[in-house]
Structures are given as C-alpha cells and as structure tokens.
Amino acid sequence: MIPAPLITALREARHVLVFTGAGVSAESGIATFRDALTGLWERFDPAALATADAFRRDPALVWGWYEWRRMQVLQAQPNPAHQAIAALAQHVAKLTLVTQNVDDLHERAGSREVIHLHGSLHQPRCFACARTPGEPLGMPDEPEGGRRLEPPHCLHCGGKLRPGVVWFGESLPTQALNAAFDAAAECDVLISIGTSGVVYPAAEVPERAWRAGAVLVHINLQPVGNHAEREYLLRGAAAEQLPALLHAAFAD
Ligand code: BV8
Ligand code: ZN
C-alpha cells in the first residue's frame with residue numbers, strides 16, 4: 001500500500017531527483033556491487049579490488065574483473081525499473097537522474113543526461129596519460145568470470161588502459177558531484193532506488209535532499225533509511241515497486 005502523502009508529493013513535485021544504486025540493475029541480471037564478488041570473486045573485498053593500488057599490483061586481475069562485469073552489462077537489457085525512470089520524465093516538470101552505477105542501462109532505457117557519480121564501464125582510459133582509446137572496446141576476450149585479462153595498451157603512450165570508474169580513494173568527477181548536490185538542494189522528492197547507502201560522498205545526496213526539506217522515498221529489498229518524517233520505504237524489488245508507485249501517482 002503506497003502512502004497517500006507520498007502520492008500527493010509526487011504529483012505536486014516540480015523537481016524529482018532519482019538516485020540509483022546497483023539494486024536498480026539487479027533484475028537485469030547485473031550482480032549488485034556487493035554480489036559482484038560472489039563466485040570466483042568472493043575472496044575479494046570490493047574496497048580492496050576497486051582501487052588504483054590493486055590495479056598497480058595486479059592489473060590483469062582488476063581488468064579481468066571489470067571485463068567480466070562489462071560483459072554482464074553487454075548481455076543485459078534494461079528492466080522495468082529503468083523504463084519507469086525514463087517514463088517518469090514525461091510526468092514531472094524537471095527530473096534529475098543521478099546514478100552510482102557504472103553500467104549504461106539507464107541510457108539504454110531512454111534516460112538522458114544521466115549523472116554518473118562513479119564513472120562508467122564503457123569509458124576506459126589510459127592509466128598513465130588518461131587519454132581514452134579512439135574507438136569503443138569490443139566484446140571482452142573471455143566472458144567467464146574470474147579470468148585474469150591483461151589490459152590493452154594506450155596507442156598514444158603505451159600505458160595500460162584502466163576502467164573509467166571512480167575507485168575507492170579517488171575523487172568523484174567534480175561537475176557530476178556538484179550537479180547532484182545542486183539537485184539535492186532543490187528537489188521536492190528524492191527517490192532512492194537499490195542502494196545500500198554506505199559509500200561517500202555519493203551517499204550524501206539523499207541526506208542533503210532530506211535536510212533541504214524534500215520528501216525521501218527508498219525502494220529496496222532491505223529496510224534502509226531512518227524512518228524520519230517525510231521519509232518512506234517501499235520494500236520490494238525495484239522492477240515492481242517503482243512502476244507501482246508511478247502508476248499510483250500518474251495513472252489517469
Ligand atoms: C573518496 C565504482 C577521497 C567502481 C564505487 C578509507 C580510505 C579511503 C577512503 C575511505 C575510507 N573510509 C571511507 C572512505 C571513503 C570511501 C567510502 O565511502 N568507503 C566506504 C566503503 C566506507 N569513498 C571513497 O573512497 C570515494 N572517494 O572518498 O575520495 C578523496 C577525497 C579528496 C581527494 C581525493 C580523494 C570513492 C568511492 C567510489 C567507489 N566506487 N563504484 C565499481 O563499480 O567497481 S562504489 C560502489 O559501491 C557503488 O558505486 C556504490 O556507490 C557503492 C555501494 O553500492 P550500491 O550501489 O549501494 O550496491 P550494493 O551492492 O552495496 O547494494 C545494493 C542495494 O540494492 C542493497 O541495499 C540491496 O538491498 C538492494 N537491492 C538488491 N536487489 C534489489 C535491491 N533493491 C531493489 N530491488 C532489487 N531487485
Ligand atoms: Zn596513454
């Protein structure tokens with residue numbers, strides 16, 4: 001049952017901020033960030049593998065992990081949650097979409113101007129000179145998970161290519177983070193979908209929106225959030241909960 005004040009807030013919102021984490025892509029078959037270390041990768045801690053040090057120490061291991069994840073994305077399709085977010089843009093005056101995800105499923109569902117706080121699997125760059133390769137990478141050589149893969153080399157300086165993601169200990173792209181914080185300060189409703197909210201500074205986005213007076217709704221399988229006033233939890237799968245929320249608010 002969706003609370004009536006939430007439906008009203010969504011109907012009356014001039015500016016909605018949608019903030020997504022790995023849970024929005026789970027029903028597309030993409031392992032969530034925590035689950036991305038199941039199977040062959042479970043012996044690794046993401047905070048250890050998703051770092052520049054890990055790449056320096058063992059580039060083939062880290063590149064292999066990201067190529068496995070990129071392969072998952074290339075084989076995946078956007079799910080009803082991605083589609084509902086793209087459709088929401090037709091119902092509200094202003095929609096800002098901020099994601100922590102490094103996949104392109106929001107874009108493939110039709111969302112435009114997606115703000116990627118943590119970069120993208122699809123924009124590798126040279127670890128030495130930061131140049132991006134001319135043409136996009138093809139299919140990964142070895143789709144199975146758990147394969148070490150030597151990273152390709154930069155055609156300009158011969159350095160190793162690295163994934164175009166933000167690793168732990170690395171700064172977030174300033175423009176993206178500022179755009180996300182600006183939207184948090186101004187939005188009327190923030191919908192946080194499929195994130196454990198443990199990684200900063202990204203996790204500050206919903207906190208800033210709530211402090212600025214926005215209505216906050218979490219969509220998650222787990223009970224997340226602070227159960228404060230103006231804060232709601234729709235517990236369940238994003239591909240079900242989000243379409244249901246938008247139907248309740250905007251179906252004529
Ligand atoms: C920074 C890209 C400093 C890469 C990611 C000690 C040393 C160094 C830094 C720190 C430190 N202690 C703290 C820090 C800061 C650190 C941090 O926050 N660490 C955490 C672990 C405490 N942050 C950083 O390092 C950041 N940089 O601070 O720089 C600095 C400052 C100044 C100058 C220079 C440097 C950079 C952090 C970015 C790391 N990169 N991703 C990659 O993808 O490999 S983080 C990654 O994990 C995600 O992007 C996301 O942000 C985060 C959490 O993932 P989620 O998306 O939330 O997914 P998760 O699996 O956790 O949860 C899924 C959720 O979905 C669950 O709640 C689940 O219940 C739900 N769910 C599942 N299925 C569904 C569902 N919900 C609905 N429907 C479903 N079907
Ligand atoms: Zn280079």
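This briefing covers the overall build of the protein chain and the setting of its helix α1. The model is predicted. The protein chain holds 9 helices and 8 strands. Its radius of gyration is 19 Å, close to the 18 Å given by the globule rule for 252 residues, so the chain is as compact as a globular protein of that length.

**Dimensions and packing**
- The C-alpha trace of the protein chain spans about 55 × 30 × 30 Å along its principal axes.
- Of the 252 residues in the protein chain, 52% are buried.
- Among contacts in the protein chain with a separation of 6 or more, 72% are between residues 24 or more positions apart.

**Surface and charge**
- The exposed area of the protein chain is about 12100 Å², and 51% of it comes from carbon and sulfur atoms.
- The protein chain has 21 positive and 27 negative charges, and the mean positions of the two sets lie 4 Å apart.

**Helix α1**
- Helix α1 runs over residues 4-12, and its buried residues are L6, I7, A9 and L10.
- These buried residues cover an arc of only 160° around the axis, which puts them on the same side of α1.
- An α-helix has 3.6 residues a turn, so residues three or four places apart point the same way.
- On the face of α1 turned away from the buried side are the exposed residues A4, R11 and E12.
- The cover over the buried residues of α1 includes the strands β1 (15-20), β6 (189-193), β7 (215-220) and β8 (231-235).
- Helix α9 (238-250) is also part of what covers the buried residues of α1.

Notes. Residues numbered from 1 in each chain as written. Chains lettered and ligands numbered in written order. Predicted model: local features only at pLDDT ≥ 70, side-chain atom pairs only at ≥ 80, totals over all residues. Heavy atoms only, no water. Helix = DSSP H or I, 4+ residues; strand = E, 2+ residues; numbered from the N terminus. Rg over C-alpha atoms; globule rule 2.2 N^0.38 Å. Buried < 20%, exposed > 50% of the residue type's maximum accessible area, 1.4 Å probe, protein only. Contact = heavy atoms within 4.5 Å. Areas by Shrake-Rupley, 256 points an atom, 1.4 Å probe, with all protein chains shown as cover. Lys, Arg positive; Asp, Glu negative; His and termini not counted. Charge placed at Lys NZ, Arg CZ, Asp CG, Glu CD. Arc of directions from axis to C-beta.
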